[in-house]
Each structure stands twice: as C-alpha cells, then as structure tokens.
Amino acid sequence: LIYGAYLPLVKARRYITALNTIASVKSLDELYVHFDRVLLHPSPIGQEEAVKFLGSDIVNVISAPDQPEPIARALVSYIEPHLFKNNVRHLLMGGQMQIILWERFGKQENDLKNAENYYLAARMIGPKLPPVLYPLYDLYGRSDELEKRAEVRDAIIRYWPDAQL
C-alpha cells in the first residue's frame with residue numbers, strides 16, 4: 001500500500017504543486033527546490049513519468065527564441081542526471097536537448113557530441129527503431145560525418161527498403 005499507492009500519490013501531488021508554482025518562481029535555484037521535491041522523492045512509481053514530463057517542458061523552454069543561453073544550459077544540466085539511461089524516450093529527449101543547444105547557441109561541437117552519445121545509447125537499446133535512427137541520420141548530416149551517416153542510412157534502408165531519405 002505504501003509503495004504502490006501512497007508514495008506515488010505524494011510524488012504526483014508534489015509534481016502538480018511544482019507546476020502550479022512555476023509562475024511565482026524568480027530564480028533557477030527556486031525552481032530546483034520545487035522540482036527536487038518531486039525528483040528526489042523516493043517513490044518506486046512515477047519517476048520515469050515525472051522526468052519525461054519535466055524534460056518535455058524543458059525542451060519547450062529552451063526552444064523559446066528569447067531564452068538566454070545560461071538558463072537553457074542550466075535547465076538541461078539539471079534534468080540530465082535524472083534521465084533514465086535505459087529508456088529510449090529519455091535518451092532521445094536528451095539528444096533533442098543537445099541539438100537545440102547546438103542550433104541556438106553557437107553550434108558548439110560538444111553539444112553535437114553529447115547528442116550523438118544520447119542517440120547511440122538509444123540505438124544500443126532499439127537498433128531498429130525509426131525514432132532512434134532518423135535523428136542520428138540527421139545529426140550526422142549536420143556534423144558532416146558522411147561515413148557515419150551512410151552507415152545509418154544503410155541500416156534504415158535495410159530495415160525499411162521503401163524509406164525515403
């Protein structure tokens with residue numbers, strides 16, 4: 001009862017409370033305090049969802065054209081340790097965040113490398129999944145790594161011969 005109902009309920013309520021307080025948050029540290037109450041709460045159920053939803057919100061925030069680079073990078077750094085390294089959705093989200101940072105803030109090589117690491121980790125879990133292969137294919141096109149791009153293209157065509165690239 002405690003592990004299957006009470007702790008997940010508390011986590012869900014904390015998440016809702018954190019979302020409701022966002023409008024009054026005045027600093028990143030204040031935001032972290034609210035979401036640490038969610039992310040650090042020891043519930044065996046709900047962590048994956050809380051990280052996924054907060055990560056999606058962070059993707060939206062860092063995509064905003066008026067978002068300053070230090071804040072965007074701080075938000076990504078905040079959520080990254082919580083991303084599940086064995087969950088394709090979380091890994092793809094991590095890669096997407098790195099691509100957004102790369103596109104918006106000076107095309108730093110490290111951002112592309114971090115995105116590649118996320119996508120390759122996702123590929124280890126789901127080597128045939130289109131949501132894994134297509135972003136990796138695009139990433140190699142952006143980074144001019146033509147041999148790696150050709151390898152991913154060949155994998156896509158091997159799994160889906162009618163694919164349009």
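How many helices and how many strands does the chain have? The chain has eight helices and zero strands. The model is predicted, and the legends below go from the whole chain to single parts of it.

**Figure 1. The whole chain is shown as a C-alpha trace that spans about 50 × 40 × 20 Å along its principal axes.** Read along the sequence, the elements follow the pattern α-α-α-α-α-α-α-α. The chain holds 165 residues, and 41% of them are buried. Contacts between residues at least 6 apart in sequence can be sorted by their separation: 60% of them join residues at least 24 apart.

**Figure 2. Helix α2 is shown from its first residue to its last, residues 28-39.** This helix has twelve residues. From first C-alpha to last, α2 reaches 15 Å, which is close to the 16 Å expected at 1.5 Å a residue. Which residues of α2 are buried? They are L31, Y32, F35, V38 and L39. Seen down the axis of α2, these buried residues fall within an arc of 115°, so they line one face of the helix. D29 and V33, on the other side of α2, are exposed.

**Figure 3. The surroundings of the buried residues of α2 include three other helices: α1, α3 and α4.** Among what covers these buried residues are α1 (2-21), α3 (47-63) and α4 (69-79). Y32 and F35 are two of the residues of α2 that count as buried.

**Figure 4. Helix α5 (residues 88-104) is shown with helix α7 (residues 130-142).** Two packed helices are described by the angle between their axes and the distance between the axes. The axes of α5 and α7 come within 11 Å and cross at roughly 20°. An angle under 35 degrees counts as roughly parallel, and α5 and α7 are therefore roughly parallel to each other. The crossing in which α5 passes α7 is left-handed. On the α5 side, the residues that meet α7 are V88, L92, I99, W102 and E103. On the α7 side, the residues they meet are P131, V132, L139 and R142.

**Figure 5. Residue Q98 of helix α5 is shown with the residues that it touches.** Is Q98 buried or exposed? Residues under 20% relative accessible area count as buried, and Q98, at 3% relative accessibility, is therefore buried. Leaving aside residues up to four places away in sequence, Q98 touches V76, E80, D111, N114, A115 and Y118.

Key:
Residues numbered from 1 in each chain as written. Predicted model: local features only at pLDDT ≥ 70, side-chain atom pairs only at ≥ 80, totals over all residues. Heavy atoms only, no water. Helix = DSSP H or I, 4+ residues; strand = E, 2+ residues; numbered from the N terminus. Expected span 1.5 Å × (residues − 1). Buried < 20%, exposed > 50% of the residue type's maximum accessible area, 1.4 Å probe, protein only. Arc of directions from axis to C-beta. Contact = heavy atoms within 4.5 Å. Axes fitted to C-alpha atoms, helices over the stretch in contact; angles between N-to-C directions. Parallel < 35°, antiparallel > 145°, perpendicular 65-115°, else oblique. Left-handed = near helix turned anticlockwise from the far one by under 90°.
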